[in-house]
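Biologist: I have the new model open and would like to go through it piece by piece. Please start with the terms for exposure.

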Amino acid sequence: MVFQKLFKNYRNELLATLTATQSIFMVIMCSSWSSPALPKLLSADSPIPITADQGSWIVACQPVGAIFGPVFSSLAMDRIGRKWTLLSTAIPVLIGWALIAVGSSVGYLYVARFLFGFSYGAAYPVIPIYLGEMASDAVRGAYGTMITVMAKKAIMAMYTIGPFLEFRDLAWVSMISPVVFVLGFIWMPETPYYLIGKKQYKLAKKSLIWLRRSTEVSDELAAITSSVERSDLEKTSFSELFNPIYRNNMRVVIILLFNMQFTGILVVHSYAQIIFEKISASLTAEEMSIVLGTVQLIAVVFPVFLVDRMGRRPLLLVSAAGTTLGLLVCTIYFAVTGSDYHGSLGWIAFMSLLFYIVSYGVGIATVPFAILTEIFPKNIRAYACSSLAVLSSVSFLGIVKLFQMALDDMGAYLPFAVFTLCGAIGWVLIYFYIPETKGMSLDEVQRIVAGASMKL
């Protein structure tokens, strides 16, 4: 009954959320492609023979492209709108899959991965803004977590079909995701905040009426107009991010970025099958990847229902603690067994990796996007989300290259030990610096963060 009422009240918002976050499914299919693709490229019957170093650069080309994507989106989303900026990210993805499907040398793969990274970097800053500006206060957090649900759904899809399709067939099949995104999202409205900012008041009212499924939107429209007008009186530039009044906002997002990136999740996704090949277990690396994808999809569904009930902070703290514990067990396993272990204890490492994935999924993977949808005022929202995406891409590039070097020269225990230490540091930072924001309007959230007032 409760779900029927929620669906009735928020049906159009949910439809906009599902179609918009299909863009995340699209770019994460691209990102996770390396896990099933690298073993095929490194095999004796490779369709495009490569070396291990070239394989690491195939992975690394994506974060290089992702450095430039946010620059495009920060310029585009305040000019052509959130909707059309997001739709444009499908073009590089389609070109990239075509290059993989027909390419005959590693250069094609480098370019394809760069294009994938560009779309990845362009989409991620826009989607939290689109969701935050179109959502009702009561369910904004749940919509934000859908970003990660779609990401994990894409990973599971790639891990499930990737190992069993031919290399080039996988590229053709993967082209379906950008087509589905464009055909679905093109019918959705632009956000009321953007339209009011462009003085398109009639379209803003029409958008809000459709989203809320009600003609009684005058009060909310007036509140949005007031908020936009206040933001328009403030300076709008990249340099404003360094204004002391936004110090707390930036501190929050940097802490969230630290927890998301430096606990190693993107490395695990990119090298899943290669990591699993180092674990002695009854399952094959391909089978373990499928289990991993399924488990993490299930894990990230829970925050959709909990983030606006339990709150952001409790989920983040539980998630960071579990993530650290899972990484610690993996570190001990790899340190004790080495690279040539063929005993019966591999299940310990596999189960600890699953525990790590579940723990990461219930908080760190999802809650930051709920916070990012609400933490910045309109005048710097685009610059802030784009800057975060650039920082994320640069850190991913460094982590990927260092991981491959450490894996080859020292073994898996070293990078996992570093991830464990970062997880512990991240928990402390969350405890002291991340405020609770559930159930608040965008203006309330920004006032609380600016005043460093925390609900502990």
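Modeller: Buried means under 20% relative accessible area, exposed means over 50%, and partly exposed lies in between (1.4 Å probe, protein chains only). This is a predicted model, where local features need pLDDT of at least 70 and side-chain atom pairs count only at pLDDT 80 or more, while totals for chains, interfaces and linings use all residues. Residues are numbered from 1 along each chain as its sequence is written, and side-chain values use heavy atoms, with hydrogens and water left out.

Biologist: Fine. So Glu220, buried or exposed?

Modeller: Neither; Glu220 counts as partly exposed because its relative accessible area is 30%.

Biologist: What does Glu220 form a salt bridge with?

Modeller: With Arg212, where the closest N and O atoms are 2.6 Å apart. The term covers a side-chain nitrogen of Lys or Arg within 4 Å of a carboxyl oxygen of Asp or Glu. Arg212 is buried, since its relative accessible area is 13%.

Biologist: Which other side chain meets Arg212 in a salt bridge?

Modeller: Glu13, at 2.9 Å from N to O. That pair links distant parts of the chain: Glu13 sits in helix 1 (residues 2-20) and Arg212 in helix 12, 199 residues apart. Glu13 is buried, as is Arg212. Through the shared partner, Glu13, Arg212 and Glu220 form one network of salt bridges.

Biologist: How many salt bridges are there in the structure?

Modeller: The structure has 4. Another of them joins the side chains of Arg82 and Asp78, at 2.7 Å from N to O. Arg82 counts as buried because its relative accessibility is 1%.

Biologist: Back to helix 12. Where does it run, and what does Ser207 touch?

Modeller: Helix 12 covers residues 201-212 and contains Ser207. Leaving out residues up to four places away in sequence, Ser207 touches Pro189, Glu190, Thr191, Pro192 and Leu195; contact here means heavy atoms within 4.5 Å. With a relative accessible area of 4%, Ser207 is buried.

Biologist: How many helices and strands in the whole protein?

Modeller: There are 23 helices and 0 strands. Helices (H or I, at least four residues) and strands (E, at least two) are DSSP runs, numbered from the N terminus.

Biologist: And how much of the protein is buried?

Modeller: 59% of the 456 residues count as buried. The accessible surface comes to about 18,200 Å², and carbon and sulfur atoms hold 69% of that, by the Shrake-Rupley method with a 1.4 Å probe; for residues, only the protein chains shown count as cover. Among contacts with a separation of 6 or more, 83% are between residues 24 or more positions apart.

Biologist: Now the inside. How many residues are in the largest nonpolar core?

Modeller: It has 118 residues, a nonpolar core being a set of buried Ala, Val, Leu, Ile, Met, Phe, Trp, Tyr and Cys residues joined through side-chain atoms within 4.5 Å. Helix 7 (residues 106-134) supplies the largest share, 14 residues. At least three residues come from each of domain 1 (11-188) and domain 2 (240-455); those bounds are from an automatic or database domain assignment.

Biologist: Which residues have the most contacts inside it?

Modeller: Ile28, Trp33, Leu41, Trp97, Ile100, Tyr124 and Tyr271. Tyr271, neighbours within four places in sequence set aside, contacts Leu38, Ser56, Val59, Val400, Phe403 and Gln404. A second, separate core of 10 residues includes Tyr194, Leu195, Leu208 and Ile224.

Biologist: What about nonpolar residues on the surface: which ones make the patch?

Modeller: Leu325, Leu328, Ile332, Val336 and Phe355 make a nonpolar patch of about 480 Å². Patches take residues with over 30% relative accessible area and no salt bridge, like charges being joined within 9 Å and nonpolar side chains (Val, Leu, Ile, Met, Phe, Trp, Tyr) within 5 Å. Helix 18 (residues 312-337) gives the largest share, 4 residues. Ile332 lies in helix 18 and counts as partly exposed because its relative accessibility is 49%.

Biologist: Last one. Where is Trp187, and is it buried or exposed?

Modeller: Trp187 is in the loop between helix 10 (176-185) and helix 11 (192-197). At 70% relative accessibility, Trp187 is exposed. Its C-alpha is 9.0 Å from that of Ala16, with the two positions 171 residues apart in sequence numbering. Arg447, in helix 23 (residues 442-450), is exposed as well, at 56%.
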